[in-house]
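Colleague: Hi, I'm new to this one. Could you walk me through its charged pairs?

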Amino acid sequence: MKNYGSKFEGKVPDGLAALGYDAAMVLADSMKRSKSLKGTDLRDAIAATSDYAGVTGVISIDKNRDATKSAVMVEMKKVGEGQFAPRYVTTIEPKK
């Protein structure tokens, strides 16, 4: 977050920035593990991703090539006129 803030004028990264970062890092990790950067080799390396520790959680690619990871449930509580405060509720883990 510190690096992000220094690069983007003190802004805090939102959820989409974090998810985009994780997607790019899964690709970079797959490129390191791939036999080559040929499309089929890279596809296979991405499909073999398991327990990648990303900034948004641990990511694995399932048999359908979908990313599976935990989800965080947050409750938004109104604290003033037009103001809300988030409250962590729970983390939901994917079925293994």
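**Salt bridges in the model**

Modeller: Happy to! Let's begin with Arg87, which is partly exposed, with a relative accessible area of 45%. Keep in mind that this is a predicted model.

Colleague: Which side chain does Arg87 meet in a salt bridge?

Modeller: That would be Glu75, with 2.9 Å from N to O. Arg87 sits in strand E5 (residues 83–92) and Glu75 in strand E4 (residues 71–80), so the pair ties together parts that are 12 residues apart in sequence.

Colleague: And Glu75, how does it count by accessibility?

Modeller: Glu75 counts as partly exposed, at 35% relative accessibility.

Colleague: Nice. How many salt bridges are there by this rule?

Modeller: The count comes to 3.

Colleague: Okay, on to the helix. What does Asp29 pair with?

Modeller: The side chain of Asp29 forms a salt bridge with that of Arg33, at 2.9 Å from N to O. Both residues belong to helix H2 (residues 15–33), where they are 4 residues apart, about one turn of the helix.

Colleague: Why does Asp29 count as partly exposed?

Modeller: Because its relative accessible area is 23%, and partly exposed runs from 20% to 50%. Arg33 is also partly exposed, at 37% relative accessibility.

Colleague: Switching again: which residue forms a salt bridge with Arg43?

Modeller: Asp44 does, and the closest N and O atoms are 3.1 Å apart. Asp44 is partly exposed, with a relative accessible area of 41%, and Arg43 is partly exposed at 38%.

Colleague: Why can side chains like these pair at all?

Modeller: Because side chains of opposite charge can pair when their charged atoms come close.

Conventions. Residues are numbered from 1 along each chain as its sequence is written. This is a predicted model: local features need pLDDT of at least 70, side-chain atom pairs count only at pLDDT 80 or more; totals for chains, interfaces and linings use all residues. Side-chain values use heavy atoms; hydrogens and water are left out. A salt bridge is a side-chain nitrogen of Lys or Arg within 4 Å of a carboxyl oxygen of Asp or Glu. Helices (H or I, at least four residues) and strands (E, at least two) are DSSP runs, numbered from the N terminus. Buried means under 20% relative accessible area, exposed over 50%, partly exposed in between (1.4 Å probe, protein chains only).
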